[in-house]
Amino acid sequence: MIELEVYAVGLRDSDYIQKLNHELEAFAGVRYQVDPNHDIVYFEMGEPAVTLNQISAAFRRIGLHPRFVGQVPPELEVGSGGAQTMRIE
């Protein structure tokens, strides 16, 4: 199981949540849950179905700046192209 957390300031706005849901529909095999109280999206996938670059692009298309929280799974690092990692402890 591959797990990933993405922090994006402003996500709690319901407009952004709707737009993000629309963007993430294209990611087959990726489950996600939005925590609007903390501006975080939790991703789960059985195998590497998307790259960090694709996830970042989905957030950027709707005007949010994503930050990957904690350790990024190595399976997703290929093609990350400028993704920013932020450690939160």
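Helices (at least four residues) and strands (at least two) are taken here as DSSP runs, numbered from the N terminus. Counted that way, the chain in this predicted model holds two helices and five strands. Reading from the N terminus, the order of the elements is β-α-β-β-α-β-β. Of the 89 residues in the chain, 37% are buried. As for how the chain folds back on itself, take the contacts with a separation of 6 or more: 60% of them come from residues 24 or more positions apart.

Strand 1 is a handy place to start looking. Its side chains alternate, with Ile2, Leu4 and Val6 pointing to one face, where they are buried. Glu3, Glu5 and Tyr7 point to the other face and are not buried. Strand 1 also has two pairing partners to look at. With strand 3 it pairs in the antiparallel sense, over six bridges, and here Ile2 has Met45 of strand 3 as its bridge partner. With strand 4, which covers residues 67-69, strand 1 again runs antiparallel, this time joined by three bridges. In that pairing, Val6 is matched with Phe68 of strand 4.

Then there is the inside of the model. In soluble globular proteins, nonpolar side chains tend to be buried together. The largest nonpolar core here has 24 residues, and the ones that touch the most other members are Leu4, Phe43, Ile55 and Phe59. At least two residues of this core come from each of strand 1 (2-7), helix 1 (14-24), strand 2 (30-35), strand 3 (40-45) and helix 2 (52-61). Helix 2 chips in the most, with four residues. Phe59 is worth a closer look: leaving aside residues up to four places away in sequence, Phe59 touches Val6, Ala8, Leu20, Val41, Phe43, Leu64 and Pro66. That list includes Phe43, itself among the core residues that touch the most other members.

Finally, the pockets. The largest one has a volume of about 190 Å³. Its lining is made up of Glu3, Leu4, Glu5, Arg31, Tyr32, Gln33, Tyr42, Phe43, Glu44, Val69 and Gln71. Strand 1, strand 2 and strand 3 are the elements that give two or more residues to this lining. Sorted by character, the lining residues come out as five nonpolar, two polar and four charged. Strand 1 turns up here with residues from both of its faces: Glu3 and Glu5 line the pocket, and so does Leu4, although Leu4 points to the opposite face from the two glutamates.

Technical notes: Residues are numbered from 1 along each chain as its sequence is written. This is a predicted model: local features need pLDDT of at least 70, side-chain atom pairs count only at pLDDT 80 or more; totals for chains, interfaces and linings use all residues. Side-chain values use heavy atoms; hydrogens and water are left out. A nonpolar core is a set of buried Ala, Val, Leu, Ile, Met, Phe, Trp, Tyr and Cys residues joined through side-chain atoms within 4.5 Å. Buried means under 20% relative accessible area, exposed over 50%, partly exposed in between (1.4 Å probe, protein chains only). Contact means heavy atoms within 4.5 Å. Two strands pair if DSSP finds at least two bridges between them. On a 1 Å grid over the protein atoms alone, a cavity is a set of points where a 1.4 Å probe fits but cannot get out, and a pocket is an open set with protein on both sides within 12 Å along at least five of seven lines; lining residues have an atom within 4 Å of a point. Grid points are joined across faces, edges and corners, and a volume is the space filled by probe spheres set on the points. Ala, Val, Leu, Ile, Met, Phe, Trp, Tyr, Cys and Pro count as nonpolar, Asp, Glu, Lys and Arg as charged, and the others, Gly among them, as polar.
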